[in-house]
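Work through the exercises below with the structure open. Each task is followed by a solution in steps.

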Amino acid sequence: MMRRAIRHGAKLSTTWTGNLQPSTAPTADAVLANHHVDRQRLSSKSSPATTRDHDPASSTRHDQQLAKVEPSSSPGSRRRDPKLVPFGSTKIDKDPHRHKSGMTVLPAALHDAVDSVLQGTPGPDIRRHALRIFDSLRSTSGILDGKNAPRLFSLLHPEQVLTKHHIAYDANLARAYLVSRMPHNFVAVDRALRELFKIRPDFIPVSALDLGTGPGTAIWALRDTTAGAATLVTAVDVNAAMLGVAAEVGKAAKWHENAVFSEFMPANPNAAFDLTMAAYLLSEVEDPKMRANLIKTMWDLTGDTLVVVDRGTPLGFQRIVEVRDWVIKQGNGTVLAPCPHMNTCPLANDKTRDWCHFAQRMQLPHKTQLVRKTPTNIDDVKFSYLILRKTSSTNTSSTAPSPHPRVLSPPMKRGGHVLLDVCDPSGHAARIIVPKSMGKDIYKDARKVGWGDQWPHGAKVSVPNRGAGRFADVAEFTDVADKKDKKDKKPKKPKKPKKPKAERVTVEEGDVSPAEPDFASLSEGMVPRPGRVVDARPPAAPDAGKAHAASAAGDGEPEGSPPGAPSPPPTPRAGRRSPRRKLFTQ
Ligand SMILES: C[S@@+](CC[C@H](N)C(=O)[O-])C[C@H]1O[C@@H](n2cnc3c(N)ncnc32)[C@H](O)[C@@H]1O
């Protein structure tokens, strides 16, 4: 599979159209030619946003295709309408920083499309193939690297020990991928794209490239986040079976006419797409040289923005760091998210034992739940991502990285303060403390802020390099926070002096302690006042030390009673009810 890796600049010899009518699908050259026209028009605009002017004279095939999807092609109508954001529980807040991501539910159109593609495929077959995919993913998760690698057993053949392997997707595996992995990948890409459109609400990509498209996951996410705004998409994958399934699913949802499916990179070396996406691709490519080529290719093909999404594991994070480092080294790109800075990633250091990743809650489709045999239909998708913007002749006003720290883990809520692990704009991972004394609203925000959100309010205490690692000593921080917090609190009322603890005294038999319970009154149901505990046993013999040692060694005798000594007189049992209680119950 790897030998068939895409060569940049290779001639576009195949345009995969699957079962589509050849006449309805635009050729890659047509798309790129149209795209070129769009880019020229864009470059003549002063605004960096890629919203196009409507120019009837230069109407292209692309425009005609767009018109099929859009009721009106006026510039205003191409802006995303926030009301159209389809996920039920995902709200668009007035203040983007108070936006809570909620739970992602897959669009109904995707459900229907997958159902129609899988029609007639037996469930057990899908599960068997899905287990092969899971085995491959687990074996390449990085856990099997290194000397002390644990032994992993196959899910499909539980008696087999897993060895590292990538699978070549055939038609069956590609179909199983639709149910087993695509929903999760969709959710991750969707969340990354939402982040992009939150940062750049005016950005509407006219053309997009999905590199390593698989079943077209990123295209679905793009269509979802742009509320169906028509974008010409080029879907590239070395695997023909995957491309076939991508086209089938696209056809079922009727967006395939705006897409080109290809096993090869665009032939035009000057081709650049407004948006390039690469989801879960780099963790599939083992060879570092091939990965470096792929990173260069995806950056060369990016006209404006590049979105890379990968596994939320240390391995996935490493791949993201590779892209980030390479692009920063080129000097023609800005990191838009998640990093609020362009310095070296503070978590890219082995010693931190942590990695930058985020989580998004999702509702599992029913079929996925059956295939995965999960007890609930809720899952948290862990992922790493990176959004980069290219500085080019057409895009001169590069967006600066966000000035707000990014929250790197779920907030740690303590009494009266919240601890947040953040990546701050100075390029440090820090642990910040937000106490109640910073204000009711800020404190409330700190308790509600989500993992992966930006934190705009600052902090009372910020300790650099301590957010690096959820393994950092939380207790130590809690102490610091507590001390800080206590200063802000009103002085507490002085505590009541504690009652003196009962002391154990040995008395001679016959002695009467001043606190001796009044046995006569006990027999009437009275409870003795708490006082000294009286040990009425006989005095210890001079050689009793040995016996004590024996009992401490656990010889079964109760502590303090030498073996053979007469057992102490039975302790009188106190009445269970206090006199007052007795009164009440009467
Ligand atoms: C793990 S799948 C991810 C699919 C999809 N992007 C998603 O998120 O669901 C990786 C895909 O990348 C493709 N792939 C692997 N190496 C590639 C390369 N060098 N160029 C293009 N595609 C590649 C594989 O065929 C596979 O379909």
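**Exercise 1.** Find the atom of alanine 279 that lies 2.9 Å from a nitrogen atom of the ligand, and then describe the ligand's other polar neighbours.

Solution. The model is a predicted one. Step 1: in alanine 279, the atom 2.9 Å from a ligand nitrogen is a backbone N or O atom. Step 2: turn to the ligand's oxygen atoms. Asparagine 185 places a polar side-chain atom 2.9 Å from an oxygen atom of the ligand, and for aspartate 237 the corresponding distance to an oxygen atom of the ligand is 2.6 Å. Step 3: place these residues in the surroundings. The ligand is surrounded by 17 residues, and the closest are Asn185, Gly212, Thr217, Asp237 and Ala279.

**Exercise 2.** Determine how helix H3 (residues 108-118) is oriented relative to helix H5 (residues 171-180).

Solution. Step 1: the two helices pack at an angle of about 150°, and their axes are 11 Å apart. Step 2: angles over 145 degrees count as roughly antiparallel, so H3 is roughly antiparallel to H5. Step 3: the crossing of H3 past H5 is left-handed. Step 4: list the contact. H3 contributes Val114, Val117 and Leu118, while H5 contributes Arg175, Leu178 and Val179. Sorted by class, these are 5 nonpolar, no polar and 1 charged residues.

**Exercise 3.** Examine the backbone at lysine 254 and at the peptide bond from alanine 337 to proline 338.

Solution. Step 1: most residues other than glycine have a negative phi, and most peptide bonds are trans. Step 2: lysine 254, although not a glycine, has a positive phi of about 65°. Lysine 254 sits in the loop between helix H8 (240-252) and strand E4 (259-262). Step 3: the bond from alanine 337 to proline 338 is cis, with omega near 0°. Proline 338 belongs to the loop between strand E7 (333-337) and strand E8 (358-363).

Definitions and conventions
Residues numbered from 1 in each chain as written. Predicted model: local features only at pLDDT ≥ 70, side-chain atom pairs only at ≥ 80, totals over all residues. Heavy atoms only, no water. Axes fitted to C-alpha atoms, helices over the stretch in contact; angles between N-to-C directions. Helix = DSSP H or I, 4+ residues; strand = E, 2+ residues; numbered from the N terminus. Parallel < 35°, antiparallel > 145°, perpendicular 65-115°, else oblique. Left-handed = near helix turned anticlockwise from the far one by under 90°. Contact = heavy atoms within 4.5 Å. Nonpolar A, V, L, I, M, F, W, Y, C, P; charged D, E, K, R; others polar. Near = heavy atom within 4 Å. Polar contact = N/O pair within 3.5 Å; in protein donor to acceptor, adjacent residues only side chain to side chain.
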